[in-house]
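Biologist: Could we go through this structure together, beginning with the ligands and then turning to the empty spaces and the aromatic rings?

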Amino acid sequence: MRHLITGGEGFIGTNYIRYILKMYPEDEIICVDKLTYAGNYDNLKEFENDGRFTFEQVDICDRKAVYSLFETYSIDCVVNFAAESHVDRSIENPEIFLKTNIIGTEVLLDAVNKYAIKRFHQISTDEVYGDLPLDRPDLKFEEDWGIKTSSPYSASKASADLLCLAYFRTYGTPVTISRCSNNYGPYQFPEKLIPLMIEKAQRNESLPVYGDGKNIRDWLYVEDHCSAIDKIVRLGKIGEIYNIGGNNEKSNIEIVKIILEALKKPESLITFVKDRPGHDRRYAINSGKIQNELGWKPQTDFESGIQQTIEWYKNNPQWIERILNGEYKKIRGVKS
Ligand code: NAD
Ligand code: DAU
C-alpha cells in the first residue's frame, strides 16, 4: 500500500509513519509537510535514504502543489494529520487555523475525488464534542453526539469533520474520521503539557499550571493511537466516525506531580498561572465502537507509557536542544 501522509513531520504523524514502516515491510510512505514551527525534519531524517520513504515539502492549502503530488505518485490512501494543533496559539491567532485545518482539508478532499483515491482518513479530535462537567464521571463522548466547540482550534477541526461528512454524502468520497483524546509519547513538540513539563522540570524551571489544575484529559500513548488509525484505514467503514481514547482520565495537576516525582524534582516548581480562556474542563472518550467493531484496544498503560516517555526525552536532549535553539528549522531552505 502507498500512503500519502500529511503532517508527517509532526508528533503523531511521525509516530504513525514509524509504525507503518515497522509493521508493513511492503508499504511505502509519501510524507507531505509544510514544515511549520511544529514540523521537524529531524524526526524522520533517518529514513532519508530508505526507498520506502519520500518527503515532499508542500502546504496542503496549495492546490496546484497538492494535485501535482497525486499526478506524480500513485496513491492508495491519504491520512490527514496536517493541522495547526495548539489550542493556545488558536486563541492568539485563529486565522492560520482556519486556513490549514479547513481549506487544507477541502483541497485534499478535492484531490481525493479528482484522482479517485480509495480512502481518505481525517485525523480529528475529541475537542469537537466540547467539554464535560467534573461532577458527571458517567458521561463520555460518543460518536453520535453533536458538535459543541470551545476554541478556534476545535471549531476549525469540527468544520473539517463536517466537510468530510458532506463530501461523503454529496460526492460519495470514501472518508473515515477518527476523534482521539490527548496523546503523549516521543517527538511531541515541547509546547504541549507533558513534554513542556518534562523539559521545564529537568531545567529546574517553574511549571505553569493553568487555573486550578483540575481540568481532566483522557491520555493515550501515541503508539496506541497509531494502531487505531491503522485499523480504521484498513478495516473501517466508509462514512463512519470512530472515537479513540485511553480510558485514562487524569487532572493536569496529577500529571505534573507524576512527572516531578519521576524526575525527583520538588513540587515547589509548580506555579499556578492565569487560566486559558474558554478552557475545557474535562474530556473523556467512549471508544466502545472501535473496540467492538474493529477489535482495537490500547496496549500501553499510563504508568509504563509515561515512564517510557520521560526516558525518551531524557535520552534525546539534542532533539529538544535543536528545537529550543532553532537549529531544527535550518533544513531544506525552511526559514525561521
Ligand atoms: P503537530 O502540531 O505536532 O503536527 C502538525 C504537523 O502538520 C506539523 O508537522 C506541521 O508542519 C504540519 N502542517 C501544519 N500546517 C500544514 C500545512 N498547511 N500543510 C502541510 N503540513 C502542515 O500536531 P499533532 O499533535 O501531531 O497532531 C496531528 C493531528 O492529530 C492534528 O490534526 C490534530 O488536530 C490531531 N490530534 C492531536 C492530538 C494530540 O493530542 N496531539 C489528539 C487528537 C487529535
Ligand atoms: O484532546 C485532544 C487535543 O489534545 C488535541 O486535539 C490537541 O491538538 C492537543 O494539543 C491537545 O489539546 P489540549 O489543549 O488538551 O493540550 P495541551 O497539552 O495544550 O494542554 C493539556 C492540558 O494542560 C490543558 O487542560 C491545558 C493544560 N496546560 C497546558 C499547558 C501547555 C497547562 O496547565 N499548562 C501549560 O503550560
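Biologist: Which element supplies the largest share of the shell around ligand 1?

Modeller: This is a predicted model, and in it the elements that give two or more residues to the shell around ligand 1 are α1, α5 (152-171) and β5 (119-125). The largest share, 3 residues, comes from β5.

Biologist: Which residues come nearest to ligand 1, and how do they divide by class across the shell?

Modeller: By class, the shell around ligand 1 has 12 nonpolar, 11 polar and 5 charged residues. Of the 28 residues around this ligand, the ones that come nearest are Ile12, Asp33, Ser85, Tyr153 and Lys157.

Biologist: Which side chain has an N or O atom 2.6 Å from an oxygen atom of ligand 1?

Modeller: Several polar contacts can be listed here, and one of them uses the backbone, with an N or O atom of Gly10 lying 2.9 Å from an oxygen atom of ligand 1. A second involves a nitrogen atom of the ligand, which is 2.8 Å from an N or O atom in the side chain of Asp59. The contact at 2.6 Å, to an oxygen atom of ligand 1, is made by the side chain of Lys157.

Biologist: How much of the accessible area that ligand 2 has on its own does the protein cover?

Modeller: Two backbone contacts can be named, since a backbone N or O atom of Leu193 lies 2.8 Å from an oxygen atom of ligand 2, and a backbone N or O atom of Tyr210 also lies 2.8 Å from an oxygen atom of this ligand. From a side chain, a polar atom of His279 lies 2.7 Å from an oxygen atom of ligand 2. Of the 690 Å² of accessible area that ligand 2 has on its own, the protein covers 94%.

Biologist: Which elements each supply at least two residues of the shell around ligand 2?

Modeller: The shell around ligand 2 divides into 10 nonpolar, 8 polar and 6 charged residues. Of its 24 residues, Thr125, Asp126, Tyr153, Arg276 and His279 come nearest. The elements that each supply at least two residues are α6 (193-202) and β8 (207-210).

Biologist: Which element gives the largest share of the lining of the second largest pocket?

Modeller: About 180 Å³ of space lies in the second largest pocket, and its lining is formed by Asn15, Arg18, Tyr19, Lys22, Pro186, Tyr221, Glu223 and Cys226. Two elements, α1 (11-23) and α7 (222-235), give two or more residues to that lining. By class, the lining divides into 4 nonpolar, 1 polar and 3 charged residues. The largest share, 4 residues, comes from α1.

Biologist: How much space lies in the largest cavity?

Modeller: The count comes to 2 cavities of 30 Å³ or more. The largest cavity is lined by residues including Val87, Ile91, Glu127, Arg276, His279 and Tyr283, and by class its lining has 4 nonpolar, 4 polar and 4 charged residues. The space in the largest cavity is about 60 Å³.

Biologist: Why is the pair of Phe141 and Tyr283 counted as stacked, tilted or edge-to-face?

Modeller: A search of the whole structure finds 20 aromatic pairs. In the pair of Phe141 and Tyr283 the ring centres are 6.2 Å apart and the planes lie at 45 degrees. Planes under 30 degrees apart would count as stacked and planes over 60 as edge-to-face, so the pair of Phe141 and Tyr283 is tilted.

Biologist: Where in the chain do Phe141 and Tyr283 lie, and how many residues apart are they?

Modeller: The pair links distant parts of the chain, with Phe141 in the loop between β5 and α5. Tyr283 lies in the loop between β13 (270-273) and α9 (288-294), and the two residues are 142 residues apart.

Conventions:
Residues numbered from 1 in each chain as written. Chains lettered and ligands numbered in written order. Predicted model: local features only at pLDDT ≥ 70, side-chain atom pairs only at ≥ 80, totals over all residues. Heavy atoms only, no water. Near = heavy atom within 4 Å. Polar contact = N/O pair within 3.5 Å; in protein donor to acceptor, adjacent residues only side chain to side chain. Areas by Shrake-Rupley, 256 points an atom, 1.4 Å probe, with all protein chains shown as cover. Nonpolar A, V, L, I, M, F, W, Y, C, P; charged D, E, K, R; others polar. 1 Å grid on protein atoms, 1.4 Å probe; cavity = no way out; pocket = protein on both sides within 12 Å on 5 of 7 lines; lining within 4 Å. Points joined across faces, edges and corners; volume = space filled by probe spheres on them. Phe/Tyr/Trp six-rings, centres within 6.5 Å; stacked < 30°, edge-to-face > 60°.
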